[in-house]
Amino acid sequence: MSKEADMKEVELNELEQEKQSINTDTEKNGCVKVKVPEEKEVKFTGLSKEELMKVAGTTGWVRTRWVLLVLFWLGWVGMLAGAVVIIVQAPRCKPIPEMHWWNEGPLYKIADVMNSFENIKGIENKLDSLNQLKVKGLILGPIHTVQEDHLSTLKLTVIDPLFGTEEDLVSLLERAHKKSMSIVLDLTPNYKGMDAWFSKDPTVAEKLKDACAYWLKKGVDGILLFDMSPDDRTSTWQSIHNVVHSNITDGTKKRALILSNRNQSVDHAFQLIMSSGVDLLETTLPNFGMREINAFTTLNSTYSKLAWSLSKQTSGLPTRLYHMLLFTLPGTPVFNRGDEVGLKAGEPPRGIWDLENPAEENNETAKNLRAERTSLRSFFKTLSDLRVKERALLHGEYATLSSTDSSFAFLRLWDQSERFITALNWGNAPVTFQLTAVNLPAEARVRLSTDTENLAVDHTVPLQNLQLEAKQAVLLSFPYTG
């Protein structure tokens with residue numbers, strides 16, 4: 001056989017073997033197995049530095065970057081210009097007037113410290129109760145030793161043993177200061193007698209100056225003197241004034257020299273403030289009427305030096321109206337012990353401090369009295385809280401809105417703070433107020449009311465037709481609108 005024939009036979013044999021192999025693999029399901037080589041994973045590495053620099057330098061990207069840069073700076077300059085416009089056009093805040101501790105809340109007077117359960121040590125135990133009422137200053141005494149109308153017994157630096165000891169007073173001072181409460185000592189010399197100043201005996205002034213220096217060194221925050229005549233002020237006042245205000249450095253708490261002059265009109269109080277140079281004038285108005293209402297318009301420049309109260313016996317105001325008036329008029333309100341619960345003249349003060357934890361009582365009358373006193377104290381506390389935190393009530397301007405012989409409405413406002421309107425009707429018949437002064441809104445919100453049925457808290461009432469029943473009062477507020 002030739003070579004060519006042999007080669008063809010070999011090729012045919014190889015082809016036949018491949019066919020047999022394919023038939024063997026597909027004899028079960030007729031499928032052909034094909035081996036596909038695995039694909040290698042392709043990783044993206046991004047552009048190289050040279051490629052990036054090349055792309056960044058193109059005309060399109062250069063223009064894009066410039067546009068974004070210009071937009072950024074235009075936006076920044078626009079925001080800056082807008083802020084400047086807002087600052088320039090916004091109304092400037094009115095500077096806060098000079099304030100001292102006696103302007104920051106009510107003063108509380110305890111003149112009679114003779115009760116054994118309420119001596120100096122007992123008063124210290126009641127500081128927590130007074131602190132809850134936001135009392136900023138406690139006027140204490142007089143508590144020094146003296147026999148009625150006997151100058152030789154006057155010892156202004158010695159505490160009467162009926163009231164306690166000097167150690168008791170120092171302890172009271174320390175605890176009161178921890179509660180940010182100041183203590184004022186009444187050093188009226190002959191407080192038990194008819195003539196408070198022993199007929200202007202010259203030795204009294206010297207004793208008084210020494211006593212002021214002594215008690216101030218112990219930590220007392222102020223000195224009160226009662227019923228000093230113009231002649232006495234001329235000869236004595238300046239020297240005492242120098243003692244009280246000596247050794248006071250910037251930033252330290254100021255000590256107060258307080259003159260008490262009771263049963264005087266608002267006009268007289270204003271004149272006394274201007275002539276005496278007193279830090280604070282404490283006065284009790286004998287009554288409240290048209291004369292006093294009109295006189296309050298003169299106090300805007302001097303209210304920070306006026307501490308005042310009303311005689312509850314002669315004013316005839318119900319307790320809640322009494323509270324409302326004192327807390328919302330200009331000046332520092334002064335309350336006597338028990339005023340917060342409606343204690344009547346001559347009524348013993350026992351029981352006015354334990355309203356938070358009343359003992360069990362089987363007497364229905366006693367229960368009702370305690371419930372009423374608890375309600376009065378809560379009303380007092382609400383007003384005191386508002387007085388402390390609301391600038392319009394604390395040091396705001398005053399304007400009369402309406403006044404008659406038995407009704408009164410006035411406005412308190414300060415700069416851009418909430419405005420307040422007080423309306424009172426102490427008469428025996430209903431009153432309709434028509435409050436339409438300039439810049440007053442049509443309605444106002446009830447903040448506190450003695451008539452919870454018709455004037456509920458947080459309800460809005462019309463100012464052009466505000467109705468108050470007899471012996472009722474309401475405190476309203478409305479926002480500053482620019």
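Start by selecting residues 166–178: this is helix α6, whose 13 residues reach 19 Å from first C-alpha to last, close to the 18 Å expected at 1.5 Å a residue. (That expected span is 1.5 Å times one less than the number of residues; helices are DSSP runs of H or I with at least four residues, strands are runs of E with at least two, and both are numbered from the N terminus.)

Before moving on, a word on what's loaded: this is a predicted model, where local features need pLDDT of at least 70, side-chain atom pairs count only at pLDDT 80 or more, and totals for chains, interfaces and linings use all residues. Residues are numbered from 1 along each chain as its sequence is written, and side-chain values use heavy atoms, with hydrogens and water left out.

Still on α6, show the side chains of D168, L169, S171, L172, L173 and A176, which are buried. (Buried means under 20% relative accessible area, exposed over 50%, and partly exposed in between, with a 1.4 Å probe and protein chains only.) What do the buried residues of α6 pack against? Bring up α4 (120–124), α5 (127–132), β2 (137–140), β4 (150–159), β5 (182–186) and α7 (202–218) to see these partners. Then step just past the helix to S180, which takes a positive phi of about 60 degrees.

Next, pick N190, in the loop between β5 and α7. Loop or not, N190 is buried, with a relative accessible area of 1%. Leave out residues up to four places away in sequence, and N190 touches Q147, E148, D149, D195, A196 and F198. (Contact means heavy atoms within 4.5 Å.)

Now jump to strand β12, residues 407–413. Six of its seven residues are buried, so β12 is largely enclosed by the rest of the structure. Add β11 (397–403): six bridges join it to β12, and the two run antiparallel. (Strands pair if DSSP finds at least two bridges between them.) Three residues separate β11 and β12 in their hairpin, and A399 has L411 as its bridge partner.

On to β13 (419–425), also antiparallel to β12 and joined to it by six bridges. Look for S407, whose bridge partner is N425. This hairpin has five residues between the strands, and D415 there takes a positive phi near 45 degrees.

Last stop: Q464, in the loop between β16 (460–462) and β17 (466–468). Is Q464 buried or exposed? Exposed, with a relative accessible area of 51%. Beyond its neighbours within four places in sequence, Q464 contacts F433, Q434, L435, T436 and A442. Try a distance label to L435: the two C-alpha atoms are 5.1 Å apart, although their positions lie 29 residues apart along the chain.
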